[in-house]
Amino acid sequence: YHIDSGGRRVRTRLALHTGRALDLAEEDVIALAAAVELLHNASLVHDDLQDRDRTRRGAETVWSAFGDNVAICTGDLLLSAAYASLASFSIAHAIPKLITLFHHRTSDLIHGQCEDLRMQAVERDDFATYEKIAIGKSGALFSLPLELAFVGAGLDAWAPQARHAANSFAIGYQILDDIDDVDKDIARAEKSHGLNAVLTLRAAGHGLDAQKMAQAISRKHLLEAATTAQMLPSGSGHLLKDLALGLISD
């Protein structure tokens with residue numbers, strides 16, 4: 001039900017592009033892409049439950065349609081399936097590294113979510129904390145498809161640069177998403193303070209300039225992402241670069 005609701009599959013596309021650029025076998029590229037997409041969707045099912053969001057992609061969320069218990073089990077099953085997909089990677093000696101990396105990024109994602117939930121009781125005015133949470137919640141899932149491909153191809157040394165590019169992209173991407181959602185998040189703020197760049201900057205005293213400042217910060221991070229991704233080997237960062245520049249031009 002959840003997978004059929006759609007989505008842009010950006011993280012899947014990043015894994016497919018990077019893996020193919022690094023000449024991984026097609027079945028291995030698909031295994032990595034599937035693992036990332038399954039993890040991403042596990043996080044969405046659980047996030048919707050924790051945030052009590054009733055709709056996603058124009059459809060009822062899993063907890064809203066089927067109840068809390070089914071949502072918990074669905075997210076757990078998706079996460080377990082992600083590890084099963086990694087286990088099918090054909091280069092056996094790479095599998096332990098892939099699983100360890102996958103765990104570390106899953107841990108980053110969970111810690112980002114926990115920090116976000118912890119801070120929902122207070123109005124946020126610290127933009128450095130906002131960026132840290134954005135890296136945990138969004139950066140982990142944008143960097144993972146690139147990092148998995150580099151580790152799978154035996155090019156581990158490039159993974160930190162890929163992560164830097166993806167984290168910069170994630171902050172820029174999240175800020176633009178927040179700008180689109182600012183009115184919805186203002187309405188929600190009566191109950192809890194969600195992660196929103198514009199509202200964080202307003203709370204820090206920037207008032208009417210907050211949205212313009214948020215756009216400038218987003219542009220800076222997206223340019224950093226594009227520049228860093230461009231330097232990755234064999235054109236493996238070109239899709240991330242194109243996505244970053246596309247968000248700037250929009």
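**Exercise 1.** Is D68 buried, partly exposed or exposed, and what is the relative accessible area of D68?

Solution. The structure is a predicted model in which local features need pLDDT of at least 70 and side-chain atom pairs count only at pLDDT 80 or more, while totals for chains, interfaces and linings use all residues. Residues are numbered from 1 along each chain as its sequence is written, and side-chain values use heavy atoms, with hydrogens and water left out.
- Step 1: take the classes, namely buried (under 20% relative accessible area), exposed (over 50%) and partly exposed in between, with a 1.4 Å probe and protein chains only.
- Step 2: D68 has a relative accessible area of 34%, so D68 is partly exposed.

**Exercise 2.** Find the salt-bridge partner of D68 and place both residues in the fold.

Solution.
- Step 1: a salt bridge needs a side-chain nitrogen of Lys or Arg within 4 Å of a carboxyl oxygen of Asp or Glu.
- Step 2: R52 meets this rule with D68, the closest N and O atoms being 3.4 Å apart.
- Step 3: D68 belongs to helix α4 (residues 68–87), and R52 to the loop between α2 (26–51) and β1 (55–56), so the pair ties together parts 16 residues apart in sequence. Helices (H or I, at least four residues) and strands (E, at least two) are DSSP runs, numbered from the N terminus.
- Step 4: R52 is partly exposed at 40%.

**Exercise 3.** Classify both partners of the D48 and R56 salt bridge.

Solution.
- Step 1: the N to O distance is 2.7 Å.
- Step 2: D48, at 3% relative accessibility, is buried.
- Step 3: R56, at 25%, is partly exposed.

**Exercise 4.** State how many salt bridges the rule gives, and name a network.

Solution.
- Step 1: the count is 11 salt bridges.
- Step 2: salt bridges link R105, D108, E147 and R163 in a network.
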